[in-house]
Amino acid sequence: MKRVLLTLCSLALLTPAFAASVEDLSYSTNDGDTITIRDCNENASGDLIIPATINGKKVTSIGMFAFSYCSSLTSVTIPKGVTTIGGWAFVGCSSLTSVTIPEGVTEIGLYAFSGCSGLTSVTIPEGVTSIGYGAFEDCTSLTSVTIPEGVTEIGSYAFRGCSGLTSITLPEGVTSIGDDAFSGCSNLTSVTIPEGVTSIGDYAFRDCSSLTSVTIPEGVTEIGLYAFSGCTSLTSVTIPEGVTEIGYGAFSYCSSLTSVTIPSSVTSIGRGTFVGCSRLTSVTIPEGLTEIGECVFAGCSSLTSVTLPKGVTKIGEGAFWGCSSLTSVTIPSSVTEIGRGAFERCTAMKEMIFKGPPPNVEPLSEEEKLFLEHNGVLNPRTLLATKGYYLPEHAKAWEKVLGGETGEWNNLQMEPLGGAMLE
């Protein structure tokens, strides 16, 4: 008898106290004809099949927050006839492993499945045209997503933090990838961006640390701020003709990137675009570029030489700061401004060719003059760290005046007007 009682107790423990059923649902009637699911008992557990009709009326929508934080639900089947899944509808359903979204759904709302950390795969039906903000954010177990041809927009934060996602193919109809759309997808190794895409949003693939290569299609004109920042496994990237703007920090800290070709259509490179790309050995800068932004190549410690094209007028502050392998730089005569510390800590520098008169520089303050006098005004390293350093075209080799092989610059002789002297 005791064994029977123990067995019955064990079965009672294994059986959910609130197995999901239609009785757990709260709903409202729309204009007397259709039903919207509004709420669910948050203690409901297991598998839930939402009925196609309730009291003879069709279920057509899942309302905002309807199943939010029903953390014991393991699967949900949404019936045919539903066209809208509202914002935050399943947010925080952390035990949800599968969801069936029927044909006919046209809208998946903001953060609809955000935080469904047990969800492993999802098929988005053909009728959906856009994937809303944060729709699948932090679905950390999601390994597979099928996106239909009709989708034209991947919303901001749509798959942010989906760390289990290994590959994604975007359909041909997609034209824009929103801000942070795939940021933090740390196991994403490949992504296919279709030809129709014209813009890649800010932070779109930030910290996709397993991404090894990416081909950006011809139609893209803008790469957003920090779009690929922290993609530490990225070894190559193809930037097409047609891109006119590369945003701040777009490829910053892509520490495996070895070479990059910037197309001729680019007219400006944002602040810190390639900062921390420590394996970057070569870069091709196009003729049309007019400005090298602040800290663009700072910390590119493997970069050995740079030739700036005619037409560049400004080299920003810290542009090549810490490029400790940089031995040679050619600066065109079009340059009129070089920012503070543009070549600071370029400790291997052997040759700097400046093809033109000295560019305009901000005058030294009295405090800076006193500092230089105190530390030795003829110390080019000090000058370089504060205001920039310039040599005329005929002073090509620094080796003759380096004072041995120490790499120190304190024996370099200053030249008046057209040389290195700062006023």
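Trainee: I've just opened this one and landed on glutamate 294. Is it buried or partly exposed?
Mentor: Glutamate 294 is partly exposed, because its relative accessible area is 31%. Keep in mind as we go that this is a predicted model.

Trainee: Which residue does the side chain of glutamate 294 meet in a salt bridge?
Mentor: That would be arginine 271, with 2.1 Å from N to O. The two sit in distant parts of the chain, 23 residues apart. Glutamate 294 is in the loop between strand S25 (291-292) and strand S26 (305-307), while arginine 271 is in the loop between strand S23 (268-269) and strand S24 (282-284).

Trainee: And is arginine 271 buried or partly exposed?
Mentor: Arginine 271 has a relative accessible area of 42%, so it counts as partly exposed.

Trainee: How many salt bridges does the structure hold?
Mentor: There are three. One of them joins glutamate 137 to arginine 160, with the closest N and O atoms 2.4 Å apart. This pair also links distant parts of the chain: glutamate 137 is in the loop between strand S11 (130-131) and strand S12 (144-146), and arginine 160 is in the loop between S13 and S14.

Trainee: Why does glutamate 137 count as buried?
Mentor: Because its relative accessibility is 7%, and buried means under 20%. Its partner arginine 160, at 28%, counts as partly exposed.

Trainee: What about the bridge with aspartate 180, which residue is on the other side?
Mentor: Arginine 206, and there the closest N and O atoms are 3.8 Å apart. Aspartate 180 lies in the loop between strand S15 (176-177) and strand S16 (190-192), and arginine 206 lies in the loop between strand S17 (199-200) and strand S18 (213-215), so the pair ties together parts 26 residues apart in sequence. Aspartate 180 is buried, at 6% relative accessibility, whereas arginine 206 is partly exposed, at 29%.

Trainee: Let's zoom out. How many helices and strands does the protein have?
Mentor: It has three helices and 30 strands. Of its 423 residues, 47% count as buried. The protein exposes about 18700 Å², and carbon and sulfur atoms supply 51% of that area.

Trainee: Which glutamates gather in a patch of negative charge on the surface?
Mentor: Glu103, Glu126, Glu149, Glu172, Glu195, Glu218 and Glu241 do. To pick one of them, glutamate 241 lies in the loop between strand S20 (236-238) and strand S21 (245-246). At 43% relative accessibility, glutamate 241 counts as partly exposed.

Trainee: Switching again: where is glycine 164?
Mentor: In the loop between strand S13 (153-154) and strand S14 (167-169). Glycine 164 is buried, with a relative accessible area of 15%. Beyond its neighbours within four places in sequence, glycine 164 contacts Thr140, Leu142, Thr143 and Asn187. The C-alpha atoms of glycine 164 and threonine 140 are separated by 5.5 Å, although the two are 24 residues apart along the chain.

Trainee: Last one. What is phi of asparagine 55 near?
Mentor: Near 55°, a positive value in a residue other than glycine. Most residues other than glycine have a negative phi. Asparagine 55 is in the loop between strand S4 (53-54) and strand S5 (57-62), and it is exposed, at 66% relative accessible area. Tyrosine 111 also has a positive phi, near 50°, and lies in the loop between strand S9 (107-108) and strand S10 (121-123).

Technical notes
Residues numbered from 1 in each chain as written. Predicted model: local features only at pLDDT ≥ 70, side-chain atom pairs only at ≥ 80, totals over all residues. Heavy atoms only, no water. Patch = residues over 30% accessible without salt bridge, like charges linked within 9 Å, V, L, I, M, F, W, Y side chains within 5 Å. Areas by Shrake-Rupley, 256 points an atom, 1.4 Å probe, with all protein chains shown as cover. Salt bridge = Lys/Arg side-chain N within 4 Å of Asp/Glu carboxyl O. Lys, Arg positive; Asp, Glu negative; His and termini not counted. Charge placed at Lys NZ, Arg CZ, Asp CG, Glu CD. Helix = DSSP H or I, 4+ residues; strand = E, 2+ residues; numbered from the N terminus. Buried < 20%, exposed > 50% of the residue type's maximum accessible area, 1.4 Å probe, protein only. Contact = heavy atoms within 4.5 Å.
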